[in-house]
Amino acid sequence: MYNKGTIIPGLALFVLFVTFPIWFNGLTTAGDLPKPELPPGGEKQCVMPADYMRANHMRLLNEWRDDVLRDGNREILEIDGKTYRKGLQMACMECHSKKEKFCDSCHIYAAVEPYCWDCHLTPTEAASKEAIH
Amino acid sequence: MDKQRRKFLTIAGASVLAGIGAPAIIKLTSSDAVASSGGHEAAAGHGAAPAAAGHGAEAPQGVRLGMVIDMRKMADLPGQLDGAIAACIKTHNIPEFPDTKNEIKWLWKAPFENVFLDHSSYHSSKRVATTPFPALCNHCDDPPCVRACPTKATFRIPQNGIVAMDFHRCIGCRFCMAACPYGARSFNWQDPRPYIKKYNADFPSRMKGVVEKCNFCGERLALGQEPACVEACKGTGAITFGDLNDPKSEVRQVLDSEFTIQRKTNLGTKPSVFYIV
Amino acid sequence: MIEKTLKGKPAYWIWLAFLGMFMAIGAACYLRQYNFGLGMTGMSRDVSWGLYISQFTFLVGVAAGGVMLVLPYYIHDYKEFGRITILGEFLAISAIVMCMLFIMADLGQPMRALNVILHPTPNSMLFYDMCVLCGYLFLNILCGWIILTAERKQVHPPKWIYFFVYLSIPFAVSIHTVTAMLYCGLPGRHFWLSAIIAPRFLASAFAAGPALIILCCIILKRVAGFDAGRKAMNKLVTIIIYAALLNMFFVGLEFFVGYYSNIPGHKFALEYLFFGIEHHGHVYNNLVPFMWAFVILAFGAIGLLASPLAKREDDFFLGVGCAMLFLAFWLDKGIGFVLGGFVPNPLHEIVEYIPTANELGVTAGVWATGFFVLTLLYKIAVGVEHEIE
């Protein structure tokens with residue numbers, strides 16, 4: 001074989017490079033499945049079953065958004081005796097009060113950056129300005 | 001070979017175009033789009049009678065929320081309007097910029113001659129000349145901003161007549177700002193958050209690049225509360241709020257008994273905010 | 001044919017690099033604006049459209065101006081325009097590219113631009129503007145390309161293309177009409193609320209567009225040995241003079257309506273633009289020099305183009321005249337018209353607009369991009385001409 005000295009290390013480097021995601025995730029914690037923190041208040045019940053929410057929360061939020069803003073349908077939901085106003089800030093964050101430990105855990109893992117928080121306030125954010133006054 | 005490739009490319013190109021175009025065409029022909037483009041069917045009927053513009057008889061169909069502002073009471077209680085404005089700012093997380101360039105205004109103060117351009121301010125009474133007038137979105141029955149918006153990010157809610165904004169959809173073209181004859185719309189030229197003094201956790205802030213304006217406190221109405229400015233003036237009768245189409249509503253009682261004026265009625269926008277001067 | 005853009009004299013590459021430098025500056029400025037928001041510009045709550053939208057408005061006119069070559073050639077069979085019609089079509093393409101870039105630069109949420117298609121709104125003029133602009137861009141690319149390809153192969157263009165060529169004529173008119181309708185349908189903006197806006201836009205477009213084409217022809221003659229022909233140029237000059245006169249006439253009519261009726265709303269913006277206005281003890285007259293420069297340059301250009309000087313062999317005065325006219329109508333439509341409409345604001349307050357350096361950088365970048373595209377397209381067109389000679 002010609003140029004053995006360059007080809008073999010080159011190949012090794014190449015293999016190492018293309019398998020980067022596999023070994024990097026294996027060696028670090030970046031690849032571990034995210035564990036979103038459950039509501040600190042201990043609520044067990046959501047507006048929909050957990051596996052539905054896991055897959056479809058964004059759809060539900062979009063539906064609520066259109067209901068509330070466009071269709072003037074702001075009815076208060078009552079599920080198992082608990083009432084919810086439709087809204088990210090008004091319903092979701094009431095229980096899942098720690099966005100950083102709940103929303104972000106999966107969103108960072110999945111590398112999605114929803115623009116919800118450009119406008120909507122997390123409880124932490126909302127409280128931050130309370131303190132000034 | 002070459003010919004086949006060309007044929008393939010032609011067909012592929014045509015199908016891509018069709019694929020992009022089809023959803024738009026379907027949306028356009030769907031009832032939703034038609035309904036919103038002709039969203040003022042109720043208004044169209046009497047739109048033909050120009051004399052009826054503004055103060056004239058309006059077809060009483062459904063709920064049309066409106067407001068009467070009594071300037072006599074505003075003049076008697078000078079701190080009143082400032083309280084209402086402060087309540088508005090607090091309720092809606094409105095940023096307070098130090099400069100006029102970035103200003104976000106939902107409800108604000110201006111002299112009579114600026115608010116009522118069509119009315120003479122020549123030798124106006126002392127009260128009119130010295131009392132600041134509140135200006136806000138008129139929640140027109142035939143709003144030019146809604147007509148101008150290319151994405152339906154601003155629209156008139158048929159159930160209550162509120163001209164609302166969907167900040168999620170606004171692309172920030174500012175066509176509505178050019179269209180609004182009342183200067184009621186503001187644009188977020190930059191991230192507003194650093195300039196919000198105190199947050200209301202029940203309402204979002206806005207992001208840079210979208211237009212905003214008074215929403216008649218749609219979110220408070222849903223909870224059975226009055227708009228923030230109305231609540232701030234409670235007990236004084238300075239602002240009366242309610243359904244203009246309901247003959248028994250408080251706002252109609254006031255309208256029936258007092259002489260009121262509206263802003264720029266000659267433009268045919270049919271504003272829903274009335275002033276007793 | 002694209003390969004023709006890859007071979008050129010050093011001057012060609014230097015010119016492209018020069019434009020590329022401005023494009024890079026524009027991109028950097030835009031990045032800053034994208035991250036911070038439109039607060040990077042001089043626009044404000046009261047003057048909510050600035051340089052971007054006014055450039056867009058002017059450039060729609062430049063794009064529509066190309067039809068002044070297409071129409072005589074294809075409808076009236078005016079053969080002299082045969083060589084330069086393609087220049088009109090290619091100018092339209094690059095002008096529309098600039099229009100679209102200016103619109104994107106002006107959006108507060110550019111990532112959501114597709115909402116215009118996802119939520120089509122037939123009551124908005126902006127929706128129609130998007131439709132006709134995209135349509136006109138497509139038509140010009142299609143017609144320009146097919147006809148140039150046929151020319152290169154020395155065959156007649158396929159018959160079906162003529163349908164699109166004829167279609168592009170009403171489209172050219174429609175792009176500028178709809179752009180005028182963006183303004184003239186808004187209640188409460190008296191300066192814009194005038195039925196003469198669309199005709200005036202078309203008139204100034206039919207002068208400014210061809211003026212730029214003549215300038216391009218003069219440059220192409222010097223740098224690329226492309227001769228459009230004296231007769232074609234003279235005909236274009238005639239078109240330009242009449243269109244420019246019409247525009248000045250329409251501007252005069254606005255003055256008559258405003259000043260004779262004496263209605264403050266109709267007068268105010270004109271007064272602000274041409275004479276400056278005193279309001280609460282402050283004089284506002286930022287745009288006065290621009291507007292008088294427009295008037296002087298426009299009449300000077302018309303006089304120069306109508307004189308025998310413009311017909312001289314060396315093309316010097318022809319070039320000067322066309323450059324003056326282009327600049328004049330840029331001042332009129334690309335500065336005065338849009339900015340003047342925001343004075344006074346709906347509450348009769350006056351706020352003046354001064355663009356920021358960052359905004360000027362983006363604007364220069366978009367213009368450079370347009371001329372970059374134009375250079376490449378003209379390189380192709382001229383290359384094909386030389387090939388068949």
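Q: Among contacts in chain C between residues at least 6 apart in sequence, what percentage join residues at least 24 apart?
A: The general idea is to ask how far along the sequence the partners of a contact lie from each other. In this predicted model, 79% of the contacts in chain C between residues at least 6 apart join residues that are at least 24 apart in sequence. For chain A the corresponding share, again among contacts with a separation of 6 or more, is 56%.

Q: How should the radius of gyration of chain C be read, and what would a compact globule of 389 residues have?
A: The idea is to set the value of the chain beside the value that a compact globule with that number of residues would have. With 389 residues, such a globule would have a radius of gyration near 21 Å, and chain C agrees with this because its own value is 21 Å. Along its principal axes, the C-alpha trace of chain C spans about 65 × 50 × 40 Å, and buried residues make up 50% of the chain.

Q: What radius of gyration does chain A have, and what would a compact globule of 133 residues have?
A: Here the two values part: a compact globule of 133 residues would have a radius of gyration near 14 Å, but chain A has 22 Å. The C-alpha trace of chain A spans about 75 × 35 × 30 Å along its principal axes, and 15% of its 133 residues count as buried.

Q: How many helices and strands are there in chain A, and in which order do the elements run from the N terminus on?
A: Chain A holds 7 helices and 2 strands, and reading from the N terminus gives the order α-α-α-β-β-α-α-α-α, with the two strands following the third helix. Chain C, by its own count, has 13 helices and 2 strands.

Q: At what angle do helix α4 and helix α8 of chain C pack, and how far apart are their axes?
A: A helix pair is read from the angle, the distance between the axes, the handedness and the residues that meet. Helix α4 (residues 85–106) and helix α8 (residues 197–224) of chain C pack at about 115°, with their axes 10 Å apart, and the crossing of α4(C) and α8(C) is right-handed. From α4(C), the residues C:Leu87, C:Gly88 and C:Leu91 meet C:Leu212, C:Ile213, C:Cys216 and C:Cys217 of α8(C). By class, this contact has 6 nonpolar residues and 1 polar residue, with no charged ones.

Q: Which residues does a cis peptide bond join in chain C, and where is C:Pro344 found?
A: The torsion to look at is omega. The cis bond joins C:Val343 and C:Pro344, with omega at about -5°, and C:Pro344 is found in the loop between α12 (316–341) and α13 (357–388) of chain C.

Q: C:Asp77 and C:Asp315 have positive phi values; is each of them buried or exposed?
A: For a residue with positive phi that is not a glycine, one can look at its place in the chain and then at its surroundings. C:Asp77, with phi of about 55°, has its place in the loop between α3 (67–75) and α4 of chain C; it is exposed, because 9 other C-beta atoms lie within 10 Å. C:Asp315, with phi near 65°, has its place in the loop between α11 (288–306) and α12 of chain C, and it counts as buried because it has 20 C-beta neighbours inside 10 Å.

Q: Of the 2 pairs of chains in contact, which share the most contacts?
A: The size of an interface is often given as the accessible area lost when the parts come together. Here the reading goes by contacts instead, and of the 2 pairs of chains in contact, chains B and C share the most. Their contact takes 47 residues from chain B and 33 residues from chain C. The elements of chain B that each supply at least two residues to the side touching chain C are α1 (2–29), α2 (31–37), α6 (112–115), α8 (144–148), α9 (175–179) and β6 (186–187). Among these, α9(B) gives the most, with 4 residues. By class, that side of chain B has 25 nonpolar, 12 polar and 10 charged residues.

Q: How many residues does the contact take from chain B and from chain A?
A: The contact takes 19 residues from chain B and 16 residues from chain A, and the side of chain B that touches chain A divides into 10 nonpolar, 4 polar and 5 charged residues. No contact joins chain A and chain C, whose closest C-alpha atoms lie 11 Å apart.

Methods:
Residues are numbered from 1 along each chain as its sequence is written. Chains are lettered from A and ligands numbered from 1 in the order in which they are written. This is a predicted model: local features need pLDDT of at least 70, side-chain atom pairs count only at pLDDT 80 or more; totals for chains, interfaces and linings use all residues. Two residues are in contact if their C-beta atoms, placed from the backbone, lie within 7 Å. Ala, Val, Leu, Ile, Met, Phe, Trp, Tyr, Cys and Pro count as nonpolar, Asp, Glu, Lys and Arg as charged, and the others, Gly among them, as polar. The radius of gyration is taken over C-alpha atoms; the globule rule is 2.2 Å times the number of residues to the power 0.38. A residue is buried if 20 or more other C-beta atoms lie within 10 Å of its own, exposed if 12 or fewer, and partly exposed in between; C-beta atoms are placed from the backbone. Axes are lines fitted to C-alpha atoms, for helices over the stretch in contact, and angles run from 0 to 180 degrees between N-to-C directions. A crossing is left-handed if the near helix is turned anticlockwise from the far one by less than a right angle, and right-handed if clockwise.
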